[in-house]
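Me: I am new to protein structures and would like a close look at how helices pack against each other in chain B. Please take me through it slowly, explaining each term as you go.

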Amino acid sequence: MIDPVTYMLTLIILCMVVNLGIALYGIFFRPSLVKKIIAVTILGDTANTFAIMLGYRRWLSPEKPSIPPVLLNYANATKEALAEFSARAVDPLPQALVLTAIVIGLAVTLFLVFLTLQIHRLYGTTDVREIRKLRG
Amino acid sequence: MSAVAQGLAYDLTGLTVPVIALFAFILPLLQKFVKHRLFPGVYAMVVTLFAAVSATTIYSHVASTGKPIVYGFGGWPPPLGIAYEVDGFNALLGMYASWLIVGIVIFSLWYNRNLDEPEWYYTLLLGFEVGALGCFYTGDVFNLFVMIEVLAVSTYGLIAYHKNNPGSVEAAIKYAIIGATATTIYFIGLMIIYGAYGTLNMGDILSRNIRLFGLIEVGLAGTAFIAVATLAVSLSLWVFTFKAGLFPNHFWLPDAYCEAPTPVSAALSGVSEIVGVYAAIRFLYTIFPAFSPIGYAYRGVVLAVLLVLGFLGGVVGALMMFVQRDIKRLLAYSSVSHIGLLFLASAISFMPVSEEVVVIAFTAVLAHIIAHGVGKLLLFASSEIFIEAAGTKILDDMRGIGRKYPLVSMALIAGFLNLMGAIPFLGFFSKLLMYQAYMAAGQVLPAIAIVVVSALSIPGYAKAIYSLVLSAPVKEFNGIRVGAYKYFLVLLAAILLAAGIAFTHLYACIGSLVDSSLTFKGLVNYGQAFLEARHVLWGG
C-alpha cells in the first residue's frame, strides 16, 4: 500500500517535469511570439512551484504534517515546543524568494509583451518565420 | 590603513549599488522640472563618477589589505541576510566596470542628438550599472540572480531603445526570450543548491563544500551530494555562458550589437559579457572549487568543455569577422572571439595545475578583460564618428572615410592593433600571458589554440583598418564636426598603450590580487572573511 503523501508528491514532481518539457518545447519550437511568452511564464511558474515545495522538506510523516512558520504562544513556549516547531515548521525562505521571482517575472513578461506588440506594429505579424522572411 | 578609510570602504560597499538605483529612478521625475536636453546625460555623468570613485575606494582598500570586505545588509549576520563580499578579483572588476561606464556616458553624451527621449536612456544606463556592479559585488547566489535580471532587463530596454526600428525590437526580443528562460533555469539551479546546502551565501556554500569534500574523502558523506552539486552547477552555467555570448550561445549577439545604440554596444561588450565570464569563474573557482563535491570529476569535465567551446568561439568569431560587411557586426564577432579567448584561459585548471599557473592565467584573464573592454569602447566610439559622417554602417560605402579625421583614425588603428595583439599594446601582453600560462602548465595544445585564434583574427581587423582608413575615398562624405571629443578617443588609445608599456607594474598589481582571491589561499581568505563577518554581526 503506497501512502497518499508519497503518491501525491510523485504526481506533483511528474507534472513539474512534464511542464518543464512543455515550456522548453514552447520556447524553442513554437513560431508564435505570444506562445513563446506563455511558455516562458509556464517555465517560471514551474520553477516557483518547485521552490515552494522545497519549503516542505520537514514533512515528516502523514500523521505529522508541516505547520505554518508562526509561533503563536511565543511568550511561554517550552523547550520541547520550540524543538517541535523548528523540526516541523515550513521553511519560509523559499516563499520569500518566490515572491521576488514572481515580481521579476512580471517585469520581464511585461517587457516581452511590449516588444511583441511593437513587433506586431512594425511587421504586422508575431510569427517568427514570417518576421525572418520579411527581413530577408 | 586608517580606521576611517576602512569604515569608508565598508560603508561604500553597501551604499554604492542602492544609491545608483535611487538616482536612476528619480531621473525621469527630475527631467519634468529641468527640461534641458543635456541634463540627463550630465546627471548620469555625476552619478557614474560617484560610482567610479566609490568602486576605486573599495578597490584600494581591498588591494592594500588583501582581505575581502563583507557587508551584511541591514546588519544581519551573513548567512541570514543578503551580504556583499568583495575580494581582490571582483574589486578590480567593479572598478574597471564603473570607470568603463563613465567612458560610455561620455560617449553617450556625444551620441545624445540621436536619442529622442534621453531621460529614459540614461535611466536604463544607470539601471545597467546597478545590475553590473550588483553582480560583481554580491556574495549571495540569489542576489546574483536578482542582479542578473536587473542587468538583463536594462539591457533589453537599451537594445530596443530605437523602438521604431524593426531590427532593434527583433534583436531585443530574441535576446530577451532566451535570456528569461536561462535565468529561470538558473533559479531552478539555485533552489537545488538551497535544498541541498540550506544556504545561499557564497562564503557559506564554499565552507560547506570544503567540509563535504573532507567527509566524502573519508567516506562519511554519500555520493548523493556529488550528484546534487553537479546538477546545480550544470543548471547555473547556462545563463552565464549565455550572458557572456560564449559559442554556441552567441546567436543573439551580432544582431543585438548591430541594432543597439552604439554606446550600448560598447557597454554590452565591455560590461555585460564580462558579468557572465565573472560569474562562471566565481562558480567554478570560488563557490565550487576543486575541493568540493564536484571537484572529483565533473569540474574537470566542465572546464574542458568550456575550453573547447572557448576555442570554437574564438575561431568562429575570427572567421565570421572577415566576411562581415557591417562595421558593428564585425566588432560583434570580434567580441565573440575575445570571449572565447577569455574562457579558453579561465579553463586553466581542467587538469590539476600549480597555484603559480592559476595566478598567471587569471592575471592574463583580467588584463585581457581590460584590454578588450577599453579597446571595444574606443572602437565603437570612433566607428560611430565614421558611421555618422558616412551615413552608413556598410564598410564598402565607408572606404577611406578615416582620411578626413586623422586623429580619430590613429586612435581607431591603435584600438584594432590592441585587439589584434600587437606589441606594445595591453592586448599583446594579455594574450602572451595566456599562452605562457598554458605552457607553464605543460599543456601545449591550448597554448597553440590561443595563437591560432589570435592569428585567425588578424585578417578581419586588417580588413576593417584597410577599408576605413587606408583605401582611397570613393565618394564625397558630408562630414561632421568632432570637436574636443576626439581627445577622449586619443586618451583611450593612450591608456591602452601606457598599460602595455607599464605592464610589469600592472602584472605585479593584478597578480597579487589574483593570488589573494582565486588560489587556495584566496579560498581560505574568502571563507574566513565570511566567518569573521558572521562573528562580528552576531555581536562578537
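Reply: Happy to! Let's begin with a term: a crossing is left-handed if the near helix is turned anticlockwise from the far one by less than a right angle, and right-handed if clockwise. What you see is a predicted model, in which local features need pLDDT of at least 70 and side-chain atom pairs count only at pLDDT 80 or more, while totals for chains, interfaces and linings use all residues. Residues are numbered from 1 along each chain as its sequence is written, with chains lettered from A and ligands numbered from 1 in the order in which they are written.

Start with α2(B), residues 39–65, and α4(B), residues 118–137 (helices are DSSP runs of H or I with at least four residues, strands runs of E with at least two, both numbered from the N terminus). Their axes lie 9 Å apart, at an angle of about 15° (axes are lines fitted to C-alpha atoms, for helices over the stretch in contact, and angles run from 0 to 180 degrees between N-to-C directions). The two helices are therefore roughly parallel (under 35 degrees; over 145 is roughly antiparallel, 65 to 115 roughly perpendicular, and the rest oblique). The crossing of α2(B) with α4(B) is right-handed.

Now find the residues that meet, that is, those with C-beta atoms, placed from the backbone, within 7 Å. From α2(B) come P40(B), G41(B), Y43(B), A44(B), V47(B), T48(B) and A51(B). Facing them in α4(B) are P118(B), E119(B), Y122(B), L125(B), L126(B), E129(B) and L133(B). Sorted by class, this contact holds 10 nonpolar, 2 polar and 2 charged residues (Ala, Val, Leu, Ile, Met, Phe, Trp, Tyr, Cys and Pro are nonpolar; Asp, Glu, Lys and Arg charged; the others, Gly among them, polar).

Next, look at α6(B), residues 166–197, packed with α8(B), residues 224–244. Here the angle is about 155° and the axes are 8 Å apart. That is why α6(B) and α8(B) count as roughly antiparallel. Their crossing is left-handed. On the α6(B) side, the contact includes I178(B), G179(B), A182(B), Y186(B), G189(B) and I193(B). Among their partners in α8(B) are F225(B), V228(B), L231(B), S236(B), W238(B) and F242(B). This contact has 16 nonpolar, 4 polar and no charged residues.

Key:
Contact = placed C-beta atoms within 7 Å.
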